[in-house]
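User: Please take a close look at the aromatic pairs in this model and at what surrounds them. I would like one connected account rather than a list.

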Amino acid sequence: MLFRRIYQFMIVYAVFLAILLVVKKGLSLSDYVIPGLSLILETAVQMSAGFFTDVMDTLSVAILGQGISIFLAFFVGILGRKSSWAGSMIRVTAYNIQAYPIVALAPIIFILLGDGFLSRLLIAAMICYFPLLLSVLGVMAAPVEDIEHFYIATGRMRWQLEVKIRAFENLSKLTTVIAGSATLAMAGTIVAEFIAANAGIGYSIRIALYQSDLAAILTALFMIGIVISVYQGILETLGEMVKAKWGSENKGVLL
Amino acid sequence: MRLECSGLNFAYPESETMVIQDLWFAMDGPGFHAVFGPSGVGKTSFAKLLANYRDRPELPIQTSGIGTILYSYNLERLPGWSSTGRHLDRICPADRQDLKKELIDIFQLGPVLGARFSQLSMGQQNRMNLIRYLLQDFDLLILDESLANVDEKLRQAILLAVKELFSHKMFLYISHNLMEVARFCKDILVLTEPSREKPSKIVSGQDDTRISVLEKPSLDRIMLEVMSAF
């Protein structure tokens, strides 16, 4: 799964690069607009190490932001699973807030918190929090009657057991959403770095943009793609391992 | 022990079609009683109403000598995060360990205790589910197709063993197997479709307590009586 993600990205990146070069050739564009392959490779050799460090910096913020979002999404999702008025209010509020483009709030965060680590972290967490929350709320608010009936009928049902049953019955959905939210967290961090941060790959791309250095931007995109593919691949592999060990869908021949 | 129903009517919310109409019957004493009828006649709806009738005081259902009512059905599942044996250990009261072992032997589930629920066949799943209900405190246990997908020989053995081990409890057995119901049950409540305006009725079953030579004429008479009731 990990290698599949990497080579899939490589294929997409190569196609994208080929299209750029065809456009360059077809329209006879100068190296200033679209650099040639040799210039791209030369820039890549020069800047890869620095960009890799920047991507890792961005990724570390994204991972932390994603971790915070996952924790918050489960916390609020568990609170909001009940059909009580409080649960309904949490669900309605979450649905309404997620409809608002959170990234538009980024300038306010930078004004209040400055352009350091905390702003990047908060924006990354906010961007991947709401899709996660909606999925967790959906899972936690849907009873698994075929399993829960026994525990309710015999008076054994506790909130911890209810959450455990619903989470395990939806392991596939939850692991997919968590793996998918990695991209959102990374996008959130990069957007934050574009706007006002002073570190990370988004910040480096902003500098390259001001210098109209497409070769540097292409190198940065390659680095982002490789690192996010590896990170998502690891998350998916972990998800598969969890599903294989705990999931209710792992049927097999017993005897 | 007495279970009585005096003029029960039921329709699902926002539906004008009656599922149960003017149902009157009484069942007395412990043992195996049955609810029988064609598909869609309201057997499961009735069973669910009965299981929760104390939450709905407007329902004309009365019981005496019946405290806890449990309802089990054939689509229930055990959680998949550990083996079925571990689940049984967790839900079995400390003073019923011997009963648990005995039931596992009777239900022939010993070899699959280490397996997860999803790895069992449908018949094994239903047997496993039934065992955990039998280990609980109950006075009336409703078995809604709880032995579906179990082969006939084993099903008969299980029914007879449960009748013997839980002779002081009341069971309401819902099944589509007419011969089984006629042979092993005491009172058979035959439900009819409300649209046919034919009242539901109680037919006395053979209530066998051991596997013996079939009394065919008697069984035929009961089955005929049941069939002509709907």
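Analyst: What follows starts from one aromatic pair in chain B and works outward to the core, the contact between the chains and a few single residues. The model is predicted, and the description below should be read with that in mind.

A pair of aromatic rings is described by the distance of the centres and the angle of the planes. Over all chains the count comes to 16 aromatic pairs. In one of them, the ring centres of B:Phe138 and B:Phe166 are 6.0 Å apart and the planes stand at 35°, so this pair is tilted; an angle under 30 degrees would have counted as stacked, and one over 60 as edge-to-face. B:Phe138 belongs to the loop between helix 4 (122-134) and strand 6 (140-144) of chain B, while B:Phe166 belongs to the loop between helix 5 (152-165) and strand 7 (170-174) of that chain, so the pair ties together parts that are 28 residues apart in sequence. Both B:Phe138 and B:Phe166 are buried, and ring pairs join them with B:Phe32, B:Phe171 and B:Tyr173 in a cluster. A charge is also found at this place, for the charged end of B:Lys169 sits over the ring of B:Phe138, at 5.0 Å from its centre.

B:Phe171, a member of that cluster, leads on to the nonpolar core. The largest such core has 56 residues, and those that touch the most other members are B:Phe107, B:Leu134, B:Leu141, B:Phe171 and B:Ile188. When residues up to four places away in sequence are not counted, B:Phe171 touches B:Phe32, B:Phe138 and B:Phe166 among the aromatic residues, and its other contacts include B:Leu134, B:Leu140, B:Leu141, B:Leu143 and B:Val162, as well as B:Gly31 and B:His33. Apart from this core lies another, of 29 residues, which includes B:Tyr53, B:Ile66, B:Leu172 and B:Leu191.

A charge over a ring also links the two chains, since B:Arg132 lies over the face of A:Phe150 at 4.1 Å from the ring centre. Between the chains, 24 residues of chain A are in contact with 20 residues of chain B, and the area buried there is about 2,000 Å², with carbon and sulfur atoms giving 55% of it. The count of salt bridges between chain A and chain B is one: the side chains of B:Arg77 and A:Glu169 meet at 2.8 Å, N to O.

Some single residues of chain B complete the picture. B:Thr192, in the loop between strand 8 (187-190) and strand 9 (201-204), counts as buried at 8% relative accessibility, and beyond its neighbours within four places in sequence it is in contact with B:Val41, B:Lys198, B:Pro199, B:Ser200, B:Ala229 and B:Phe230. Most residues other than glycine have a negative phi. B:Glu14, however, has a positive phi, near 65°; B:Glu14 is placed in the loop between strand 1 (2-10) and strand 2 (20-28) of chain B and counts as exposed at 87% relative accessibility. The phi of B:Asp207 is likewise positive, near 55°, and B:Asp207, in the loop between strand 9 and helix 7 (216-228) of chain B, is partly exposed, with a relative accessible area of 27%.

Note on methods. Residues numbered from 1 in each chain as written. Chains lettered and ligands numbered in written order. Predicted model: local features only at pLDDT ≥ 70, side-chain atom pairs only at ≥ 80, totals over all residues. Heavy atoms only, no water. Phe/Tyr/Trp six-rings, centres within 6.5 Å; stacked < 30°, edge-to-face > 60°. Helix = DSSP H or I, 4+ residues; strand = E, 2+ residues; numbered from the N terminus. Buried < 20%, exposed > 50% of the residue type's maximum accessible area, 1.4 Å probe, protein only. Lys NZ or Arg CZ within 6 Å of the ring centre and 35° of its normal. Core = buried A, V, L, I, M, F, W, Y, C linked by side-chain atoms within 4.5 Å. Contact = heavy atoms within 4.5 Å. Buried area = accessible area lost by both parts, 1.4 Å probe. Salt bridge = Lys/Arg side-chain N within 4 Å of Asp/Glu carboxyl O.
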